[in-house]
Amino acid sequence: MNKMSIRARILSGVVIVNLLGAIVVLVYMHQSYQRSLIASTANTTAHSLAAWEILKGQGDIDPVADSGAIAGIVNDMKLVTGADYGFLIYKDATDVEAYASMRDASDQPNNWDELETYALLAVTDTDLADRIRFEVDPGSVPEAGKFVGIENGACAQTCHDGVTGTGDYWEVRWSDDATSRAHAVFPVFGAGATPIGAIYTIENISPQANSAKTTMMQTLTVIGSTLLLATVVIGWLVDALVFRRLARTVTSIQEISVRVAGGDFDARFVPDGTSDEIGSFEQFFGQLMDLISSTLKSLTRK
């Protein structure tokens, strides 16, 4: 670094500052992108909860006895909202033997042991069953529902390696099939307001995610181009207003000094007439050379 010219040091500093600014902007834009995805799913839970309340009627629900009706309700909910649903039975509120008998009677495999807290009674899309992972006690979930997380398929996996959730409530994680999905959940209550399960919602939000990504990339392109242009302009201004003038000043100083040293005491250094820092130095040097020349001229006459 000490061997670099001042010009190189200044230009390097400008580049480094702009690169740091670009990194800060990139991080901020990525976080804003995640927040925009979360904001785009604000109505997912509300719409699903409204559909559930309308379709299930006003009676208490027995998940085992009403398994067929529940399967029909979640399928009707999908027709209303367009999202996919899974009905999770809370194991602590369910008789394991009754559940096994119900599954056997309906010619379905007993999936009691697949999840720790719940058993998946019904799902509108079996391909999404493996994506339903929720192990929180339904009693701790707000009645109005809760946003669980987002699978983001609009970005590369490296974008989300550092933010992938590991708990029951995750925020944003990478989708392995390029489809973006919003996950939400709300509790289901039985007799006596006892939580007996949960409705798990999965909504395809790929259009919103892709649109948000396009907006983010366009913004980053504009900001990146602006920073690049700023780097070039600042570099050109520093070079034109400082270093080229200094180079001309140094050349003139060397020329006048050689002439005076050679006996040309009439040589004059003419400043460029500016009043900035370089101009002030040139005026001082011109006055100094005039003083030296007149002194040397008077000495040679004696």
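Is D107 buried or exposed? Keep that question in mind as you open the viewer; the tour will come back to it after a look at the whole chain. One thing to know before you start: this is a predicted model.

**Stop 1: the whole chain**

Show the protein chain as a cartoon and colour it from the N terminus on. You should be able to pick out six helices and six strands. Following the chain from the N terminus, the order of elements is α-α-α-β-α-β-β-β-β-β-α-α.

Now turn the model to see its outline. The C-alpha trace spans about 130 × 30 × 30 Å along its principal axes. The radius of gyration is 37 Å, whereas a compact globule of 302 residues would have one near 19 Å.

Switch on a surface next. The accessible surface of the protein chain amounts to about 16900 Å², and carbon and sulfur atoms account for 58% of that. Buried residues are 37% of the 302 in the chain. If you like contact maps, here is a number to go with yours: of the contacts between residues at least 6 apart in sequence, 65% join residues at least 24 apart.

**Stop 2: the largest pocket**

As a general matter, rolling a probe the size of a water molecule over the atoms shows where empty space is left. In this model, the largest pocket holds about 450 Å³ of space. Its lining has 24 residues, and to find the centre you can select R103, N111, L120, L121 and V123, the lining residues closest to it.

Which elements supply at least two residues each to this lining? Select helix 3 (67–81), helix 4 (96–105) and strand 2 (118–123), and you have them. Strand 2 gives the most, with six residues. Colour the lining by residue type and the split is 12 nonpolar, eight polar and four charged.

**Stop 3: D107, and the opening question**

Move to the loop between helix 4 and strand 2, where D107 lies. D107 is exposed, because its relative accessible area is 71% and the cut-off for exposed is over 50%. Check the backbone while you are here: phi of D107 is near 55 degrees, a positive value in a residue other than glycine.

**Stop 4: A178 and T179**

Go on to the loop between strand 4 and strand 5, which holds A178. Phi of A178 is also positive, near 65 degrees, and this residue is not a glycine. A178 counts as exposed, with 53% relative accessibility.

Now select T179, in the loop between strand 4 (172–174) and strand 5 (181–189). Is T179 buried or exposed? At 19% relative accessibility, T179 counts as buried, since the cut-off is under 20%. To see what surrounds T179, show E151, G153, N204 and S206, its contacts beyond the neighbours within four places in sequence.

**Stop 5: S48 in helix 2**

Select helix 2 (residues 42–56) and zoom in on S48. S48 is buried, with a relative accessible area of 1%. Which residues does S48 touch, not counting those up to four places away in sequence? Show M77, T81, Y85, F186 and T201 as sticks to see them.

**Stop 6: I61, just past helix 2**

Follow the chain into the loop between helix 2 and helix 3 to reach I61. I61 is buried too, at 12% relative accessible area. Leaving out residues up to four places away in sequence, I61 touches W52, K56, D66, I70, G190 and I196. Try a distance label here: the C-alpha atoms of I61 and A39 are separated by 32 Å, with their positions 22 residues apart along the chain.

**Stop 7: A193**

Select A193 in the loop between strand 5 and strand 6 (195–204). A193 is exposed, with a relative accessible area of 58%. Add a label from A193 to D60: these residues are 133 apart along the chain, and their C-alpha atoms are separated by 9.1 Å.

**Stop 8: I292 in helix 6**

Finish at helix 6 (residues 277–301), where you will find I292. I292 counts as partly exposed, at 32% relative accessibility. For a last label, pick the C-alpha atoms of I292 and V260, which are 8.6 Å from each other and belong to residues 32 apart along the chain.

Methods
Residues numbered from 1 in each chain as written. Predicted model: local features only at pLDDT ≥ 70, side-chain atom pairs only at ≥ 80, totals over all residues. Heavy atoms only, no water. Helix = DSSP H or I, 4+ residues; strand = E, 2+ residues; numbered from the N terminus. Buried < 20%, exposed > 50% of the residue type's maximum accessible area, 1.4 Å probe, protein only. Contact = heavy atoms within 4.5 Å. 1 Å grid on protein atoms, 1.4 Å probe; cavity = no way out; pocket = protein on both sides within 12 Å on 5 of 7 lines; lining within 4 Å. Points joined across faces, edges and corners; volume = space filled by probe spheres on them. Nonpolar A, V, L, I, M, F, W, Y, C, P; charged D, E, K, R; others polar. Rg over C-alpha atoms; globule rule 2.2 N^0.38 Å. Areas by Shrake-Rupley, 256 points an atom, 1.4 Å probe, with all protein chains shown as cover.
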